[in-house]
Structures are given as structure tokens and as C-alpha cells.
Amino acid sequence: MRGSMLNKIKDAFKYLIREELEIQHRLMNIILTVGTVALFVCIIFDFIVGTGTRTFWIIILLIVSFLMSLYLANIKNKPNAAGILLGVVTNFILMPLLFFSEGGKESGMPMWLMLAALFVWLIVRGWPCILIYIGDIILYSSLIMIEYYNPGLVIPMANRRIEYIDYCFAITAIVLILGIIFKFQSHIYEQKRKQLEEKEKELTELNASLEAANEAKSDFLARMSHEIRTPINAVIGMDEMILRESSDRNILDYANNIESASHTLLSLINDILDFSKIESGLMKVLPDEYEIYSLLHDSYSMLKIRVRDKGLKLNLEYNVDLPSRLFGDELRIRQVITNLLTNAVKYTDEGSITFRVDFRGRDDGRIDLIISVKDTGRGISEQGLESIFDSFQRADEKKNRNIEGTGLGLAITKQLVDLMEGEIYVDSTLGEGSEFTVVIPQEVRSDEPLGSLSDRLNDKKSTGENYRESFRAPDARILVVDDVAVNHKVVKLLLKKTEIQIDTADSGPECLDKYYGSHYDLILLDHMMPDMDGIEVLNRMMESEKYKEEKTPVIALTANAVLGAEKEYLNAGFDDYLTKPVQGADLENLILKYLPPELVRSGSEM
Ligand code: ADP
């Protein structure tokens, strides 16, 4: 029976300090509960020392005010109102009454007054707390002074001994009450600290799992891009053969459409791959020396064809004093330029596109390369400009519905420019056109001025003209190793006019068999193959005496376009690297670079 009573009290107390409550509310509950118990003890004490019925009733009123505050705070759920009630009724009415009936300053009362004023800080919030507190100080000081001037108002204790006992009781009770409050405070603090520690641990774990998920996503995208590249390789390769060999206008038209669509698809895959690389922090700036001329020339040539196809006018403006040789990540700068130029052509229906390249000096000895692309196209609305560099955001989507896009190009461009410590701006008016400007710091490697390009830019024959093989090598023998048969066919067809003898292998072991069985002038070796991959095949070959003697060039032919892949292949011992989908001209150039010169004849030589 006693056990269940104790349990009920325990449960009630647990309820009053349950965790859902705010700390201040829990503290108030503790103070009120402990206070009520203390007041009951006071009644017993007063009964023993015989202070009379006045005090008894005041203490009863105090208990009632405590219980009402508990009720307000917990049943009515109004802890603030409870705090104010307690502060006003107890501190302003009951405590002064108690002061006069309990021996005034000579008893334990001054200590109880102090405790009452202190509690205001703990249980009342905001400005009522300040007001009640100030009221307490004024009132309690006044009580002491009233006693000084009118000692008759205070009913003294029965005798000095009782005064001393009352004093001792006040010390014991107050120290106990404060002790319990401090203990409770530090208990809560410790509890919160532990909870924070656990949360932090959970967050770290969550972070790790998010990172793993992000990595898995990037990995998936890289894989997908790899898988998609393989069939596109076949599409582009076969299509190139149609373009080379057909003379039927209709068929050529179909093949041109296939070419354009497959390149769009390819650039989409590249964008997604780039985006995932940037997101996972894998995109790095790889600076090297480069010629500003080739950057300008290639960008201009690419733009020239597209602009011409769309019936637009192209202006090229450049500073003839541009330093001719710079140091920076040419590949990424080209990518930025390509994205801006592609957009300019895409979003301009008539008028012109102006491609401008300029520079200015910087304090740190480098230069700012300033590239701007201006068009007279559709322009971008103010609202569209706000999120223009956000990923997957397309501005003015309704208006541009007829134009294909993912909203990734500018996001990637911005990220690339940021990576190169540069800046990108856009200035656009809806219906009038846009100007994108990129400023990228670059080191100067040769400050010899670029000079005029007018002769140089037009002397190169533009691409898109009829194919003509760059060389012939009928006595050369190469081995193409790929587990996908259509890739053999693509390489064979692309190299058909060079008359090179082409042998094929479907797997690593077959490659090794053929390699040991005869002589090849060059090997094109796929990386991702089941059972034995390209790197393992190469390692086995490299261990052989034959390889040490013949030093056959081995070129990685792969759909792995992930950043850093090139380095990985060169480190593994490959002589070079070619990404699928293979372009006819790239393939020819690479083979030409590695074939023994005595086997090579020029394309027109009979
Ligand atoms: P998208 O694949 O949609 O072209 P981008 O990230 O390259 O994606 O561009 C984001 C949006 O910015 C485009 O959808 C287009 O609305 C707008 N935009 C970009 N360049 C131009 C431009 N030169 N003229 C007008 N609008 C442009």
C-alpha cells in the first residue's frame, strides 16, 4: 500500500518534470513542489514552536497559491500566468504578512524574502519578471525600514531561543531548496549535453550516409554515361560512314539529322557527367600552357558553322595585344566558351552574335582574360535572370519551350568559372538580346602580342566539307580489342579508306593469343571488358619479352570519360587514350602519331 503511494508520488513528480516541458516550466514545478513540502514542514515547525494561528493561516494561503500556480501551469498549461500569479500573490501579499507575523528582521524572514525575490528570476519571464523583481526589492527594503520606524507592527517571536531556532530552520530549508534547484539545473544541463552529443553523432552518421549516397549517385551517373557512350559510338561511327559514302540527298539529310541528334545526346551526357563531378567535388582545375590563338581559332570555327547554319551574322572582336601564350585550364575555358556560344546560337533567331576576347592587367602579375558573348536573341526576363545559374533551371520556360535544354549548361559554366577563381556576369533585356561576360585570371607565359588574325582565321578549311582520309597505310597491321562487336565494325569502317589491315579480338585472352601469335604495329584496347579488363591485358603484355622488344603502342579505347581517367590510363602504361564515341578524324590522327613513319603514305599518294 505504502509502496503504491510512493510510486504515485514518484509518477506525479516525473510528470511535473517531464522532458516535453520547457526548462523554465520544469524548474517552476520543482520550486512549487519543493516549496509546498517546505511549507508543510513550516506548519509543523510553527506548531512545535507555537507561533500561533495567524502564521498558520498565512502558510495555508501560501500553500493554496502554490497549488493554484501548479494547477495553472500544468492543467491549464499557462506557465507564464502561473509565474505572475505566484510573483504577485506570494511576494507582494503573503510574504509581507508573514514578515510582520513571524518576528520581522530578527527571525529567518529576511532569508525567505531573499529566496522569494530570487525565485522571480527563475519562474517569471520577460518584463513582468523585471517589474516584480523591482517591486520585491522596494517592498522588502521598505518592510525592514517600517520595522525600524514602527517596531510595534512586528509581532516578535516568543523568545530569543525561538528566534535562533527559526533562523537555523530558515538556513537549513533555504540551502536545501537552493541545493535541489542547482542539482536539477545541472542534471538538465548534463542531459541536454548528452542529447546534443548523440544528435551530433547521428548527424555525422547521416552525413556519412548522405556522402555515400551522393558518391553512389555520381558513380551511377558515370556508369550510365559509360554505358550510353558505347551505343552512341556505334551510331556516330556508322552515321559517319553514311555521310562519307552516300550520295543520295535524302539519305544524307537523314544522316545529318542523326549526326546532330547524337551530338546533342552526347553533350547531354557530358553535361550530366560534369555536373555529377562538380557536385561530388571531383572536378579539378588542371592548368597547362596554351596558345590563345588556338583557343580563339577553334571557338570561332565552331561558332562559324553553327551561326552560318542558322543564318546569323558573326562578329569576332579581339584585342591584338592579347598575350599569345597563357597558363590555365584551357579545356575548361573552352567548355565555358562553348556553353555560352551554344546558348547564344540556340536562343537567337535573327541578327548577330558577337564573340569578344580582351584582357586587363591584375595586381598579382596575372591577367584577367575577359570573354564575352553577345547576341541579339530572345533575351531573358528579370525573373529568369534571378535563377539563371541554378542547376536544372530554365529561364522563361514557356517562351523557350521549342528549344531543347536541361538547364545544366549555365550551372556548370558558373561552377567551372568559380573553380578557376573567375567571375561570370549576365546583362540581358527581354526581346533585345543578352551578353554573358566571363573574367578568368590567367598567368602569362609569353607576352608576345597575338596580332591580327584576319588571314589566319580564314585560311583553315572549315569542317563539314567532304571527308578525305589524311593518310593511307596498307602495310600497317593493327589489332582492335573490344567485347562489343559493333565497335570493331565502327573502327574498321572509320579506317576503311586508310587501307590499314585490321584484326579484331573480342576479349582479353583472345587479344593476348593474337598478340603473341603475330606482329601488330598498334593495338587499340578497350578498358571495360568482362573477365579480363584492358589494364590487366596490358599488364600481361608488358611482362612479356615480345613487348619489351617490339614496344607496340597500345592505345586505350574507352567510354570512360570520367575526369582523371586519362591520367589513370597513362599511368597504367597505355601510350595514349581515345574516348568513345570515336570521331573519324581523331582516330586517324592518333594512329598516324603512333604508326612507324615508313608505313605511312599521304592520303592522295597512289
Ligand atoms: P539550357 O539547357 O536550358 O539551355 P542553360 O543552363 O544553358 O540551360 O541555360 C539556362 C537558361 O538560361 C536557358 O533555359 C535559357 O532560358 C536562358 N539562356 C541562356 N543563355 C541565353 C541566351 N543567350 N539568350 C537567352 N536566354 C538564355
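**Exercise 1. Helix α9**

Compare the span of helix α9 (residues 292-309) in this predicted model with the span expected at 1.5 Å a residue.

*Solution.* Start with the length: α9 has 18 residues. At 1.5 Å a residue, these should span 26 Å. Next take the end C-alpha atoms, which are 26 Å apart, so the two values agree. The buried residues of the helix include I292, Y293, L295, L296 and H297. Further along α9, S299, Y300, L303, I305 and V307 are buried too. After the helix comes G311, with a positive phi near 70 degrees. V307 is also listed in a nonpolar core, a second and separate one of 45 residues, together with L341, A344 and I380.

**Exercise 2. Helix α5 and the largest nonpolar core**

Find which elements the buried residues of α5 pack against, then place W112 in the largest nonpolar core.

*Solution.* Begin with the geometry of α5: its 15 residues reach 21 Å from the first C-alpha to the last, close to the 21 Å expected at 1.5 Å a residue. Then list its buried residues: M109, W112, L113, L115, A116, A117, F119, V120 and I123. These pack against α2, α4, α6 and α7.

Now turn to the core. The largest nonpolar core has 51 residues, of which M95, W112 and I177 touch the most other members. Two or more residues come from each of α2 (23-49), α3 (53-75), α4 (79-101), α5 (109-123), α6 (126-149) and α7 (160-245). The largest share, 12 residues, is given by α2.

Last, take W112 by itself. Not counting residues up to four places away in sequence, W112 touches M95, F169, A170, A173, I174 and I177.

**Exercise 3. Empty space**

Give the volume and the lining of the largest cavity, then do likewise for the second largest pocket.

*Solution.* The principle comes first: rolling a probe the size of a water molecule over the atoms shows where empty space is left.

- Cavity count: there is one cavity of 30 Å³ or more.
- Cavity volume: the largest cavity holds about 360 Å³.
- Cavity lining: 30 residues line it, and those closest to its centre are L39, L62, F66, M95 and W112.
- Elements at the cavity: α2, α3, α4, α5 and α7 each supply at least two lining residues.
- Pocket volume: the second largest pocket encloses about 340 Å³.
- Pocket lining: of its 14 lining residues, T33, V34, V37, A38 and I180 are the closest to the centre.
- Elements at the pocket: at least two lining residues come from each of α1 (2-16), α2 and α7.

To link this with Exercise 2, note that M95 and W112 are among the residues closest to the centre of the largest cavity, and both are also among the core members with the most contacts to other members.

**Exercise 4. Two glutamates in strand β7**

Classify E435 and E443 as buried, partly exposed or exposed, and list their side-chain polar contacts.

*Solution.* Locate the residues: E443 lies in strand β7 (residues 433-449), and E435 lies in β7 as well.

Take E435. Its relative accessible area is 18%, and the limit for buried is under 20%, so E435 is buried. Beyond four places in sequence, E435 is in contact with R356, S372, V373, K374, Y425, V426 and D427. Two of these partners are polar ones: the side chain of E435 makes a polar contact with the side chain of R356 at 3.3 Å, and another with the side chain of S372 at 3.3 Å. For distance across the chain, E435 and L340 are 95 residues apart in sequence and 9.4 Å apart, C-alpha to C-alpha.

Take E443. Its relative accessibility is 32%, and therefore it counts as partly exposed. Leaving aside neighbours within four places in sequence, its contacts are L326, F327 and R366. Its side chain makes a polar contact with that of R445 at 2.8 Å. The C-alpha atoms of E443 and F220 are separated by 37 Å, with their positions 223 residues apart along the chain.

**Exercise 5. Positive phi**

Where do N77 and E421 lie, and are they buried or exposed?

*Solution.* Most residues other than glycine have a negative phi. N77 has a positive phi, near 60 degrees, and sits in the loop between α3 and α4. At 54% relative accessibility, N77 counts as exposed. E421 has a positive phi of about 60 degrees and lies in the loop between α12 (409-419) and β6 (423-429). With 56% relative accessibility, E421 is exposed.

Key. Residues are numbered from 1 along each chain as its sequence is written. This is a predicted model: local features need pLDDT of at least 70, side-chain atom pairs count only at pLDDT 80 or more; totals for chains, interfaces and linings use all residues. Side-chain values use heavy atoms; hydrogens and water are left out. A nonpolar core is a set of buried Ala, Val, Leu, Ile, Met, Phe, Trp, Tyr and Cys residues joined through side-chain atoms within 4.5 Å. Buried means under 20% relative accessible area, exposed over 50%, partly exposed in between (1.4 Å probe, protein chains only). Helices (H or I, at least four residues) and strands (E, at least two) are DSSP runs, numbered from the N terminus. Contact means heavy atoms within 4.5 Å. A polar contact is a pair of N or O atoms within 3.5 Å; within protein, one must be able to donate a hydrogen and the other to accept it, and residues adjacent in sequence count only if both atoms are side-chain atoms. The expected span of a helix is 1.5 Å times one less than its number of residues. On a 1 Å grid over the protein atoms alone, a cavity is a set of points where a 1.4 Å probe fits but cannot get out, and a pocket is an open set with protein on both sides within 12 Å along at least five of seven lines; lining residues have an atom within 4 Å of a point. Grid points are joined across faces, edges and corners, and a volume is the space filled by probe spheres set on the points.
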